[in-house]
Amino acid sequence: MIRISWLRRRSYQLLLRLFSCKTRVDVIFDGQCRLCRRTARTLRMLDLAHRLRFVDLRHWHRVETRHPGLDFEACQRDMHAVLPNGRSYPAVAGYLCMSWRLPPLWPMAVALQLPPLRRLADRAYRRVADRRRREGCGDESCPVHRPPRD
C-alpha cells in the first residue's frame, strides 16, 4: 500500500516536471474570506510542485511592493494570478493561468479554451464573487475594507 502511493506520487511529480509550466504564479486572495481561504487551500493541495505562491490581500503592503501595478479594489473584487513579469489575470483568466500549472486541472484549462464554456465560467464566477461581497462569507471580517494606511 505504501509503495503504490509512493509510486503514484513520484510519477505525478515526474509528470509535473516534464509537462507543466515552470514559472511561479502569485495568487492574490482575500485571506479573511472563508470561501477564498477554502479555494486557496484546495489549490495549495493540488500544487505538489509549488508553482503557486499565495499572498493574502489583507497584507496589502506585501502585495503592493511585489506587484505595484495592482489595484486594491480590483483585487478585492476578484482573485488574481500574477506572473513574474507583472502581468495580472483576474477571475476566470486567473484560474486558467493557475490550472496550466496544476496537472489535475489541465482538463479544465482545455475546456475553458472553448468560448461558450469560457463565457459560462465568467458568468458563474461573477455571480459567486458578487454574492460573496454582497452577502458576506459568513465571517464578521468579510466586509470590504480600504487597505491600511501607513
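I'm counting two residues as in contact when heavy atoms come within 4.5 Å of each other. This is a predicted model, so everything below is read from computed coordinates.

**Asp56 and its surroundings**

I started with Asp56, which sits in strand β2, residues 52-56. Which residues does Asp56 touch once neighbours within four places in sequence are left aside? I get Phe29, Asp30, Gly31 and Val63.

Next I wanted to know what the side chain of Asp56 reaches. It goes to the backbone nitrogen of Gly31, at 2.8 Å. Gly31 is also one of the contacts I had just listed.

Then the charge. Asp56 is buried, yet I find no salt bridge for it. The nearest side chain of opposite charge belongs to Arg58, and that is 5.2 Å away. My cut-off for a salt bridge is 4 Å between a side-chain nitrogen of Lys or Arg and a carboxyl oxygen of Asp or Glu, so Arg58 doesn't qualify.

**The sheet**

I zoomed out to the sheet that holds β2. It is open, has 4 strands in the order β2-β1-β3-β4, and its pairing is mixed. Why do β2 and β4 each have one side without a neighbour in the sheet? Both stand at the edges with a single partner strand, so nothing in the sheet flanks the other side; β4 is residues 88-90. On average, neighbouring strands here are turned by 25 degrees against each other, direction ignored.

I checked one pairing inside the sheet. Strand β1 (residues 25-29) runs antiparallel to β3 (residues 80-82), with 3 bridges between them. Within β3, His80 is the residue standing opposite Ile28.

**Helices on the sheet**

Which strands does α2 lie across? This helix, residues 34-46, crosses β1 and β2, and I read about 160 degrees between α2 and β2.

Helix α5 (residues 91-99) lies across β1, β2, β3 and β4, at about 120 degrees to β4. I looked up its burial too: 8 of the 9 residues of α5 are buried, so I'm noting the helix as mostly covered. Among the buried ones are Tyr95, Leu96, Cys97 and Met98. Ala91, Val92, Gly94 and Ser99 are on that list as well.

**Whole chain**

Last, the overall tally. I count 7 helices and 4 strands in the protein chain. Along the sequence they follow α-β-α-β-α-α-β-β-α-α-α. Of the 150 residues, 39% count as buried. For contacts with a separation of 6 or more, 64% come from residues 24 or more positions apart.

How values were computed. Residues numbered from 1 in each chain as written. Predicted model: local features only at pLDDT ≥ 70, side-chain atom pairs only at ≥ 80, totals over all residues. Heavy atoms only, no water. Helix = DSSP H or I, 4+ residues; strand = E, 2+ residues; numbered from the N terminus. Buried < 20%, exposed > 50% of the residue type's maximum accessible area, 1.4 Å probe, protein only. Lys, Arg positive; Asp, Glu negative; His and termini not counted. Polar contact = N/O pair within 3.5 Å; in protein donor to acceptor, adjacent residues only side chain to side chain. Pairing = 2+ DSSP bridges. Axes fitted to C-alpha atoms, helices over the stretch in contact; angles between N-to-C directions.
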